[in-house]
Amino acid sequence: RGGGGDGGVYPLTHTEMQWMQSANMGVGTGIGAVARDHRHWADRASEDALRLDRATLCAASSKPLAPPVVVTELGLLCNKEELLERLLSKSMPQHLAHVQSLRDFAEATLHPNPHYAADKAAKGGEAAEDREVPFVCPIAGTPMNGRSPFVFLRPSGRVVSERALKGVGATACPVTDVPLGEGDTVHLNPNAEQREALEQRHEERRAAAKAAKAAKGGKKAQKAAAAAAAAAAAAGASGSGGGGDAGDAAAAGAVRDGPKLAAGAAAGAAKARTSQAAAGAAAGGGAQRGGGGGGPV
């Protein structure tokens, strides 16, 4: 190849090019160097394959993703039915330990890749990034193969590439135009820094949910106590004598002690009404007897 009287030239191999770099100058190019180069590319191939698996396989069962698909609070993709089975059987794997209830994941809409082969078979020797994958970004057409970052948008339930989201200023869903607020974006298969942020947000959501539940329970108890107190007060007002005093006492107890004595207030009111009814019946019977005695002999 080449020509002239210089003895010819030939293109350098990758190993020789690596040796020519200053960082590797003087390092041997024999079998050891070739072995190191092979391990480097093997590791890279394994990393690409792992990213591809995370983007296309269910995190709960390692089966191919198929609708309905859900996204967990920490950005992991799962088939909904298989995740529910794990949740009900309490056999959740360690990396999904954060999924403890239905509130810890949300259903997602993934855009299918029209070029994805029905047989899903990868050709021999084909690199992971060159394979057709089941899902793509509906805006940018970016394949969801793990090499490009994707995000899940909570308000719309859509999965899009981070590039498409940044293209609209990250203020609204690029598919549905639904506005996005703080914490509405979940990175899929996040890196260490993103995962830490998602974990912190998850803990904050869980604490807020517990606080809201406690506040709701307190309001219910207050309403029950107020209703019982009102009923007891009404019973006491309609009664007379001891019955009225009993109703007033029951109402005061319900207001003072809250829902725990609400049942006692209601019972006191019922007892007062029973006493009033009995007194009324006795008075009626006495009047009838008195009328019978006043007739002619």
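Three strands make up an open sheet here, in the order E2-E1-E3 with antiparallel pairing; strands, like helices, are DSSP runs numbered from the N terminus, with at least two residues for a strand (E) and at least four for a helix (H or I). Its edges are E2 (77-79) and E3 (105-108), each of which pairs on one side only. From one strand to the next, the twist averages 40 degrees.

This is a predicted model, where local features need pLDDT of at least 70 and side-chain atom pairs count only at pLDDT 80 or more, while totals for chains, interfaces and linings use all residues. Residues are numbered from 1 along each chain as its sequence is written, and side-chain values use heavy atoms, leaving out hydrogens and water.

Back to the sheet: E1 (residues 69-72) pairs with E2 in the antiparallel sense over three bridges, pairing being called when DSSP finds at least two bridges between two strands. Valine 71 has leucine 77 in E2 as its bridge partner. Helix H3 (residues 80-89) lies across E1, E2 and E3, at about 85 degrees to E2; such angles run from 0 to 180 degrees between N-to-C directions, with axes fitted to C-alpha atoms, for helices over the stretch in contact (heavy atoms within 4.5 Å).

Now for the loop between helix H4 (162-167) and strand E8 (185-187), home of threonine 176. This residue touches Ser156 and Arg158, leaving aside residues up to four places away in sequence.

| Threonine 176 | Value |
|---|---|
| Relative accessible area | 32% |
| C-alpha to C-alpha, to arginine 158 | 8.6 Å |

Notes: Buried < 20%, exposed > 50% of the residue type's maximum accessible area, 1.4 Å probe, protein only.
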